[in-house]
There are 2 protein chains.
Amino acid sequence: MSVDRDQLLRSAAAQLTRKGSSTMDEVARASGISRATLHRHFAGRDALIRALEELGIQECEAAVNAARLDEGGAADALRRLIKEIEPAAGLLAFLVTENQLFEGDEQHEGWSRLDVRIAALFKRGQESGEFRIDLTPAWLTEALYGLIGSAAWAVLEGRVAGKDFSYMIAELLIGGAQRRVES
Amino acid sequence: MSVDRDQLLRSAAAQLTRKGSSTMDEVARASGISRATLHRHFAGRDALIRALEELGIQECEAAVNAARLDEGGAADALRRLIKEIEPAAGLLAFLVTENQLFEGDEQHEGWSRLDVRIAALFKRGQESGEFRIDLTPAWLTEALYGLIGSAAWAVLEGRVAGKDFSYMIAELLIGGAQRRVES
DNA sequence: CTCTCGTGAGACAAAACTGTCTCACTTGGC
DNA sequence: GCCAAGTGAGACAGTTTTGTCTCACGAGAG
């Protein structure tokens, strides 16, 4: 009877990922509920977006925690992170494109926390000699977000297979497109 | 006296990149003209978006042509492409996030043409042994778009230096984050 | 100077979206 | 069976955005 708030957020995210300018009615329909009920759970469109942002941050932090970024090789840690973050990729793809979130006075503190932790991973990799030092941790972090968004979208569009999601991102980000010389 | 349509499109793109949900009035103000004049040049919001899409495709095709993708090594051709496409990065960043363009019956044929040409570059690199074959050309093409968008946004936000734009994208896409063994 | 073209400013109605409310219905617990 | 909570459907006003129109202004060509 009662609507599951978490599942509602995921439906909303899926719909908004498909069409960022979806109206409250479209979001409600896509979630299989009426607009009235959607409004009962979220005061308004803005509140919905904020809740999605909150959920996204929460899931990313959970993924970062689960990936244990400071254990083992940096490349392996990055692979774990991508693997852990995969379930949240759709939501993340939406949030990344939602520049509405960043135009205000200041962005959500949660993103900064995540940026710091992920950038620290790249920095660790650079200091250990595992990663190259001519690409800044800030750019690598940004690129990670971008690739996750691109991959989520490409899978959604059927341009690439969903099962390859984390492999494609990790391999491209870590190893690049160039063929390695066998060593 | 008369408004330069091309420059108008660029102002509009810049404004819409900053805030995708800008109203016609905001776009007009940002371009230094009145809403009435904006409407004289573009029948409506939809027409404006379509014109931007057209411009984006046009610029990308020009970049692809100028990059001479079938000459020399694939990696160098890719570097040329990124260099050539840099001026259009802002516009491209907006178009990539404008999923409105892809939800309709069918996407603009121009994108398909571009996809084919860029994917062909990656395929050529794979066949020549220059690029690895476990990442599909489709994914590499998608990743290129994503990285261009991320980089344009990161530069706009001041997170990375604008002068490093093409270097960052090319190096990451081609070589990845991993440190190469000196050969 | 005069005429014309493009523009800015503003008015206006129509449309779309939002937020709120009411009412009837269903579901599940008691 | 009865009640309470949650829901769907729809109505409603308020707001925002859109698209169109008119009119006056100013620059540039003749």
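## The surface near DNA strand C

α3(B) makes the largest contribution to the surface near DNA strand C, giving three residues, where helices (H or I, at least four residues) and strands (E, at least two) are DSSP runs numbered from the N terminus. This is a predicted model, in which local features need pLDDT of at least 70 and side-chain atom pairs count only at pLDDT 80 or more, while totals for chains, interfaces and linings use all residues. Residues are numbered from 1 along each chain as its sequence is written, and chains are lettered from A and ligands numbered from 1 in the order in which they are written.

Around DNA strand C there are 17 residues, of which Thr23(A), Gly44(A), Val3(B), Ser34(B) and Thr37(B) come nearest; a residue is near a molecule or strand if its C-beta atom, placed from the backbone, lies within 6 Å of it. At least two residues of this surface come from each of α2 (24-30) and α3 of chain A and α3 of chain B. By class the surface has eight nonpolar, six polar and three charged residues, with Ala, Val, Leu, Ile, Met, Phe, Trp, Tyr, Cys and Pro counted as nonpolar, Asp, Glu, Lys and Arg as charged, and the others, Gly among them, as polar.

## The surface near DNA strand D

DNA strand D is surrounded by 18 residues, and the closest are Val3(A), Ser34(A), Thr37(A), Thr23(B) and Gly44(B). Two or more residues of this surface are given by each of α3 (35-41) of chain A and α2 (24-31), α3 (35-41) and α4 (45-67) of chain B.

Here α3(A) gives the most, with three residues, and the surface as a whole divides into eight nonpolar, six polar and four charged residues.

## Chain A and its domains

Chain A contains 10 helices and zero strands, and its C-alpha trace spans about 60 × 35 × 30 Å along its principal axes. An automatic or database domain assignment divides the chain into domain 1 (1-42) and domain 2 (53-175), whose C-alpha centres lie 26 Å apart.

Six residues of domain 1 of chain A are in contact with seven residues of domain 2 of chain A, two residues being in contact if their C-beta atoms, placed from the backbone, lie within 7 Å. The side of domain 1 that touches domain 2 has four nonpolar, two polar and no charged residues.

## How the two chains meet

The contact between the chains takes 41 residues from chain A and 40 residues from chain B. On the side of chain A that touches chain B, the elements giving two or more residues are α7 (100-103), α9 (137-156) and α10 (165-175), and the largest share, 11 residues, comes from α9(A). That side of chain A divides into 17 nonpolar, 14 polar and 10 charged residues.

A turn of 179 degrees with a shift of 0.0 Å along the axis lays chain A on chain B with an RMSD of 0.1 Å, the copies being superposed by least squares on the C-alpha atoms of residues with pLDDT of at least 70 in both. This is the relation of a two-fold axis. Among the residues of chain A, Gly176(A) comes closest to the rotation axis, at 1.8 Å (C-alpha), and the same surface serves both copies, with 98% of the contact residues of chain A recurring in chain B.
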